[in-house]
Amino acid sequence: MLREITLGQYYPVDSLIHRLDPRTKLFGTLVFILSLFVADDIWGYGLATIVLIVVIRLTKVPFKYMVKGLRAVLFLLLLSVSFNLFLTSGQVLVQFWIFKITREGLRLAGFMAVRLVYLVLGSTIMTLTTTPNALTDGMEKGLGFLNKVGAPVHEISMMMSIALRFIPILVEETDKIMKAQMARGADFETGDLIQKAKAMVPLLVPLFISAFRRATDLAMAMEARCYRGGSGRTKMKPLHYEMRDRVGYCLQFAYLAGMAGTRLL
């Protein structure tokens with residue numbers, strides 16, 4: 001299951017989405033996430049579904065590879081859906097013991113499930129089609145106006161890029177520790193949910209030690225290369241917009257207009 005986490009990984013392939021400027025993809029991801037919270041009916045989610053399918057096809061990333069990352073948030077998905085399904089008041093459809101399913105709860109739970117799935121897929125598309133370096137440059141360039149108010153934009157972008165870069169590394173490290181402990185008799189498979197959670201506790205100490213060791217090595221490497229923040233730094237590959245990026249922005253604003261139109265239906 002740990003190897004099925006796709007968030008933070010980059011999938012190298014030549015596609016139209018890969019060639020877009022990272023600022024265009026960051027803005028598009030933000031627009032898509034905001035639209036999911038604006039949508040409140042089947043028309044809004046239908047439009048989001050069409051856009052998501054088209055973008056996934058344009059990425060040329062295998063759909064199975066992209067969807068397998070959903071298993072990592074399956075527990076959160078089930079928990080959120082259950083709360084909305086059983087704790088929402090309204091017209092009762094089914095009732096057993098102290099639990100009841102209402103029409104409003106069923107509608108809210110369905111929309112919540114779709115929203116969480118689309119949030120994960122939308123964020124995964126951005127990381128699968130954008131390298132960590134490009135993501136850092138895009139965030140720094142796109143949020144450059146915050147430098148005027150003293151915000152450390154470069155440092156924030158660097159930290160977020162490193163955090164995303166460390167996700168697959170820590171997942172791989174956790175998998176190695178689990179296999180080493182299983183070879184010594186540890187059991188991570190049997191038992192109920194609480195027992196499985198307790199069995200994961202011995203993983204935390206070696207995982208934290210490994211994470212701090214990697215962070216120390218990275219800090220020493222950056223200091224050895226005279227890293228002093230973003231002041232005065234130049235780019236080997238400066239970002240600049242192409243015609244496809246301008247078309248992308250136009251399509252994003254059209255999507256926003258269409259999502260606003262669904263609220264009027």
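**Figure 1. Phenylalanine 32 is buried in this predicted model.** The relative accessible area of phenylalanine 32 is 7%. Buried means under 20%, so phenylalanine 32 falls in that class. Phenylalanine 32 sits in helix H2. Leaving aside neighbours within four places in sequence, its contacts are Ala48, Leu52, Tyr118, Gly122 and Tyr255. One of these partners, glycine 122, is 90 residues away along the chain. The C-alpha atoms of phenylalanine 32 and glycine 122 are nonetheless separated by 7.2 Å.

**Figure 2. Helix H2, its start and its packing partners.** H2 has 17 residues. From first C-alpha to last, H2 reaches 24 Å, close to the 24 Å expected at 1.5 Å a residue. At the start of H2, a side-chain oxygen of aspartate 21 comes to within 2.8 Å of the backbone nitrogen of arginine 23. The buried residues of H2 are Pro22, Arg23, Thr24, Lys25, Gly28, Thr29, Val31, Phe32, Ser35 and Leu36. They pack against H1, helix H3 (42-59), helix H6 (103-128), H7 and H11.

**Figure 3. Helix H6 and its N-terminal cap.** H6 has 26 residues. Its first and last C-alpha atoms are 38 Å apart, close to the 38 Å expected at 1.5 Å a residue. Threonine 102 caps the N-terminal end of H6. A side-chain oxygen of threonine 102 lies 2.9 Å from the backbone nitrogen of glycine 105.

**Figure 4. Two residues of H6: valine 117 and threonine 124.** Which of the two is buried, and which is partly exposed? Valine 117 has a relative accessibility of 22% and counts as partly exposed. The partly exposed class runs from 20% to 50%, so valine 117 belongs there. Leaving aside neighbours within four places in sequence, valine 117 is in contact with Leu70 and Leu77. Histidine 154 is 37 residues from valine 117 along the chain, and their C-alpha atoms are separated by 31 Å. Threonine 124 is buried, at 1% relative accessible area. A polar atom of the threonine 124 side chain lies 2.6 Å from the backbone oxygen of valine 120.

**Figure 5. The largest pocket and its lining.** The space in this pocket is about 1100 Å³. Its lining has 39 residues. Pro132, Asn133, Ala134, Thr136 and Asp137 lie nearest the centre. Elements giving two or more residues to the lining are helix H1 (16-19), helix H2 (22-38), helix H7 (132-142), helix H8 (153-183), helix H10 (201-224) and helix H11 (243-262). Which element gives the most? H8 does, with 6 residues. By class, the lining holds 15 nonpolar, 10 polar and 14 charged residues.

**Figure 6. The whole chain, as context for the close-ups.** The protein has 11 helices and 2 strands. Along the sequence the order is α-α-α-α-α-β-β-α-α-α-α-α-α. The C-alpha atoms fill a box of roughly 65 × 60 × 40 Å along the principal axes. Of the 265 residues, 33% are buried. Among contacts with a separation of 6 or more, 74% join residues 24 or more positions apart.

Key:
Residues numbered from 1 in each chain as written. Predicted model: local features only at pLDDT ≥ 70, side-chain atom pairs only at ≥ 80, totals over all residues. Heavy atoms only, no water. 1 Å grid on protein atoms, 1.4 Å probe; cavity = no way out; pocket = protein on both sides within 12 Å on 5 of 7 lines; lining within 4 Å. Points joined across faces, edges and corners; volume = space filled by probe spheres on them. Helix = DSSP H or I, 4+ residues; strand = E, 2+ residues; numbered from the N terminus. Nonpolar A, V, L, I, M, F, W, Y, C, P; charged D, E, K, R; others polar. Expected span 1.5 Å × (residues − 1). Buried < 20%, exposed > 50% of the residue type's maximum accessible area, 1.4 Å probe, protein only. Contact = heavy atoms within 4.5 Å. Polar contact = N/O pair within 3.5 Å; in protein donor to acceptor, adjacent residues only side chain to side chain.
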